[in-house]
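Please look over the sequence and the model shown below before reading on. The paragraphs that follow lead from one helix to the whole chain, then to the interior and the surface.

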Amino acid sequence: MASSTIDELRAFVDAAWRPDASLLEWRRALFDAGWAAPSLPRADGGRDLGAADAEAVAETLAALGVPGPPDGVGLNLAVPVLVAHGDEDLRRSLVRPTVTGAVVWCQLFSEPGAGSDLAGLTTTARRDGDEWVVDGQKVWNTGAATADLGLLVARTDWDVPKHRGLSAFVLPMRQPGVEVRPLRQMNGHASFNEVFLTSARIPAAHLLAEEGAGWAVAQTTLMHERRLAARRRQGERRDPTGRVWREAVAEATAAAEPHKWYPQRAGRPDLLVERARNAGRAADPLVRQAVAATLARSTVAGSTSRRAAAARAAGRPPGPEGSLGKLATSVIARQAAAAHALVAGAAGLLAGDDAPDGGVVAEILVSVPAQSIAGGTDEIQHNILGERVLGLPREPSVDRDLPFREVRRA
């Protein structure tokens, strides 16, 4: 990035920063100057910057000690989908409040009978004058209890093949026809929800792309979901006791709450060496082999992550690195869980604060299976790589070309 652009950003922060303003006021100023989402087109509030320059802006904001835009479904999924598939009115009304955090999003894709086979979903939307009426059920929805809007895919045509009968919408979540119930997991957390839709209403203007284009919208969303996001370090906070930072910290704390068990879901390979030493098992050849193999695989996966980051910096769209990284994470999680079990022995099954290491091994063991499911199952990632990268024949399908009404369903 040109030094003049960084100088312009620094000058903006020095002029616009008011520590006792609200977080929303600060983010609105950031957006209106084009710095909140600089990779967006200028017409949508960005600066048309490439991925590498946009990353440099984010790093500069962190180094200057000021909050950036909110993380989550809104910025990372909804905004790219709105820019790619939303009409001008929808982008104008939703991009700014999303990037500033004025509205919060959730994703409404999976269903009890349509997870890996997302195109088999049965939640139905029918046109009723200037609105769509939606009935059905969604599941595994993080943040649905606090979301203002949902990125929804529903079936609008039962008489065409399943992929062609889907449409995508922006669903207002705060209405009587939307009921959100938390799902209690076997590790004790309740990070996800199920959402029941009963005659929920969507304005006709909230249709994304066009009727029947829902599968294309879903693919755009999933490509961004599978990206390996780089972790940014936050520099020393400017005026940390001011209102802006108090609200930013509270927001980040609340947003992180559903994800606090995610390190355990990934297997915690970072704990293996320390735990082997503390348990007196570091000299055991079987333990040493298990720990070394896990850490070696984790190191190799880090190279894939860096390749994905380099591709983003070069402005290339999400590629196979996302599926490769997802698969690698699943393999490492299972391998790390097995190594933890080998080190801990039967004591690894104990849970609670009085268990060895506070019961972290037990939490790892019951959390790791989720890693192979979340964000697209391992089987789906294998299919993506086999068909789209290696050019292998598609899996046989008996229902792909049938009208969905005639497809046998669970």
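Helices here are DSSP runs of H or I with at least four residues, and they are numbered from the N terminus. Keeping in mind that this is a predicted model, we can begin with helix α5, which covers residues 88-100 and holds both Arg 92 and Glu 88, four residues apart, or about one turn of the helix. The side chains of Arg 92 and Glu 88 meet in a salt bridge, with 2.5 Å from N to O. Arg 92 also forms a salt bridge with Asp 89, where the closest N and O atoms are 3.3 Å apart, and these two residues, again both in helix α5, are three residues apart. Through shared partners, the salt bridges join Glu 88, Asp 89 and Arg 92 into one network. Arg 92 has a relative accessible area of 54% and is exposed, whereas Glu 88, at 49%, counts as partly exposed because the exposed class begins only over 50%. Side chains of opposite charge can pair when their charged atoms come close.

A search of the whole structure finds 23 salt bridges, and one of them brings together the side chains of Arg 27 and Glu 251, at 2.8 Å from N to O. Arg 27 lies in helix α2 (residues 23-32) and Glu 251 in helix α7, so this pair ties together parts that are 224 residues apart in sequence. The partners also differ in their surroundings, since Arg 27 is buried with a relative accessible area of 4%, while Glu 251 is partly exposed with 29%.

Stepping back to the chain as a whole, we find 13 helices and eight strands. For 410 residues, a compact globule would have a radius of gyration near 22 Å, and the chain, with 23 Å, agrees with this. Its C-alpha atoms fill a box of roughly 70 × 65 × 45 Å along the principal axes. Among contacts between residues at least 6 apart in sequence, 72% join residues at least 24 apart.

What share of the 410 residues is buried? Buried residues make up 44% of them. In soluble globular proteins, nonpolar side chains tend to be buried together. The largest nonpolar core in this model has 45 residues, of which Val 13, Trp 26, Leu 82, Trp 105, Val 170 and Leu 208 touch the most other members. Leaving aside residues up to four places away in sequence, Leu 82 touches several residues, among them Leu 90, Leu 94, Trp 105, Val 170 and Leu 208.

Turning outward, the accessible surface of the chain comes to about 20500 Å², and 53% of this area belongs to carbon and sulfur atoms. On the surface, Val 389, Leu 390 and Leu 392 form a nonpolar patch with about 300 Å² of accessible area together. Leu 390 lies in the segment after α13 (378-389), and its relative accessibility of 63% places it among the exposed residues.

A last stop is Pro 240, found in the loop between α6 (214-225) and α7 (243-256). Pro 240 is partly exposed, at 47% relative accessibility, and it touches Trp 245 and Arg 246 when residues up to four places away in sequence are not counted. Although Pro 240 and Glu 25 are 215 residues apart in sequence, their C-alpha atoms are 16 Å apart in space.

Methods
Residues are numbered from 1 along each chain as its sequence is written. This is a predicted model: local features need pLDDT of at least 70, side-chain atom pairs count only at pLDDT 80 or more; totals for chains, interfaces and linings use all residues. Side-chain values use heavy atoms; hydrogens and water are left out. Patches are made of residues with over 30% relative accessible area and no salt bridge: like charges are joined within 9 Å, nonpolar side chains (Val, Leu, Ile, Met, Phe, Trp, Tyr) within 5 Å. Accessible areas come from the Shrake-Rupley method with a 1.4 Å probe; for residues, only the protein chains shown count as cover. A salt bridge is a side-chain nitrogen of Lys or Arg within 4 Å of a carboxyl oxygen of Asp or Glu. Buried means under 20% relative accessible area, exposed over 50%, partly exposed in between (1.4 Å probe, protein chains only). A nonpolar core is a set of buried Ala, Val, Leu, Ile, Met, Phe, Trp, Tyr and Cys residues joined through side-chain atoms within 4.5 Å. Contact means heavy atoms within 4.5 Å. The radius of gyration is taken over C-alpha atoms; the globule rule is 2.2 Å times the number of residues to the power 0.38.
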